[in-house]
Amino acid sequence: MAQKVSLTRYLVEQQRVDGSIPAQLRLLLEVVARACKSISMAVNKGALGGVLGSAESENVQGEVQKKLDIISNEVLIEANEWGGHLAAMASEEMDSIHLVPSRYPQGEYLLLFDPLDGSSNIDVNVSIGTIFSVLKKPDDHPGVQEADFLQAGAKQVAAGYCVYGPSTTLVLTVGDGVAMFTLDREQGSFVLTQENVQIPADTKEFAINMSNMRHWDAPVKRYVDECLAGKEGPRGKDFNMRWIASMVADVHRILTRGGIFMYPWDKREPEKAGKLRLMYEANPMAWLVEQAGGAATNGRQRILDLQPTKLHERVAVFLGSKNEVERVTEYHTGA
Ligand code: P6P
């Protein structure tokens, strides 16, 4: 039987082979993986852990926080503060950035995360996950401010997520393809279970919250109507639909078997570009998808090219199988 390759060995060998993972970044990724393992243990306790339900508080998005949202955020903060690899962190659950306390050595990386994405699914035992993105701190000035985080997604040096489902799986890219690691609970370590992940360019599966159809813009309605028209329609094939309402779970399915995920702008809150957040949801997922041969746009532009103006800004998201994302993007741009 082939020898199991742990996350640590994979990162060491990647670092040794092409130097794409400097020592500090390798440490960062191992610390984040350990934090995800702790979050997985808390999530998997379910009702037995006394951590389900609402925390009776709201986050910066004005969303009610679940107890596990706050626990997951704290796990990631505490795990990453002391290692000397980070200068600061940003989280969906925190209004402003969190500086590494001066009592610890300051590192050269910035870590952004959604500590527990899809948390509305926690209480109904449906897959949820942690999403993370890593940027380099600009070195042209001392200290760190929020503006240092406002870098386009193309500047990421690492991105990934950990999906807490039937298995706990860490999915990671450092710009050299996408690898998947499954948590071996007996050993307590992440083991390489797939590398060089590839998304099929075509698909018969789309993911969107259909209850919002009456609020969509015409290009989205056209695309979905054509999928629904099936074999007899302009697409000449039948489509299937999936919507888990947990971005990590929907993206993991797409990385595993293809598909297109859409969370478009809609008329419900026209002042917002979309529901999902650019910095710690769309950017990391867009890079993973592109590294796996897929595409990711906001309907008009490549997500990774977008220049952020606010830490918690939102964006419309179309990502997955390249030919489908290009089609729905062309419907928007008329190209
Ligand atoms: P809706 C979860 O709250 C989330 O941010 C994503 O994980 C998910 O794709 C989306 O929102 C679900 O939104 O409006 O369908 O509940």
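**View 1. Strand β7 and its surroundings in the predicted model**. All seven of the seven residues of β7 are buried, so this strand is largely enclosed by the rest of the structure. Both of its faces are covered, with A158, G160, C162 and Y164 buried on one side and A159, Y161 and V163 buried on the other. In a regular strand the side chains alternate between the two faces of the sheet.

**View 2. The strands that pair with β7, namely β6 and β8**. β6 and β7 pair in the antiparallel sense over seven bridges, and in this pairing Y164 of β7 is the bridge partner of I128. Six bridges join β7 to β8, and these two strands also run antiparallel; here C162 has L170 of β8 as its bridge partner. The connection from β7 to β8 is a hairpin that passes through three residues.

**View 3. The open sheet of eight strands**. The strands follow the order β4-β3-β5-β6-β7-β8-β9-β10, and their pairing is mixed. At the edges lie β4, residues 98–99, and β10, residues 189–195, each of which pairs on one side only. Within the sheet, β5 (residues 109–117) and β6 (residues 128–136) run antiparallel and are joined by seven bridges, and D117 stands opposite G129 in β6.

**View 4. Helices α3 and α5 packed on the sheet**. Helix α3, made up of residues 67–81, touches β3 (86–91), β4, β5 and β6 where it packs on the sheet, and its direction makes about 155 degrees with that of β5. Helix α5, made up of residues 247–257, also packs on the sheet, touching β5, β6, β7 (158–164), β8 (168–173) and β9 (178–184), while its direction makes about 105 degrees with that of β7.

**View 5. The contact between helices α5 and α6**. The axes of α5 and of helix α6, which spans residues 278–291, come within 11 Å and cross at roughly 10 degrees. Because of this crossing angle, α5 is roughly parallel to α6. On the α5 side the contact is made by M247, V248, V251 and L255, and on the α6 side by E281, M285, L288 and V289. Sorted by class, the residues of this contact are seven nonpolar, no polar and one charged.

How values were computed: Residues are numbered from 1 along each chain as its sequence is written. This is a predicted model: local features need pLDDT of at least 70, side-chain atom pairs count only at pLDDT 80 or more; totals for chains, interfaces and linings use all residues. Side-chain values use heavy atoms; hydrogens and water are left out. Two strands pair if DSSP finds at least two bridges between them. Helices (H or I, at least four residues) and strands (E, at least two) are DSSP runs, numbered from the N terminus. Contact means heavy atoms within 4.5 Å. Axes are lines fitted to C-alpha atoms, for helices over the stretch in contact, and angles run from 0 to 180 degrees between N-to-C directions. Angles under 35 degrees count as roughly parallel, over 145 as roughly antiparallel, 65 to 115 as roughly perpendicular and the rest as oblique. Ala, Val, Leu, Ile, Met, Phe, Trp, Tyr, Cys and Pro count as nonpolar, Asp, Glu, Lys and Arg as charged, and the others, Gly among them, as polar. Buried means under 20% relative accessible area, exposed over 50%, partly exposed in between (1.4 Å probe, protein chains only).
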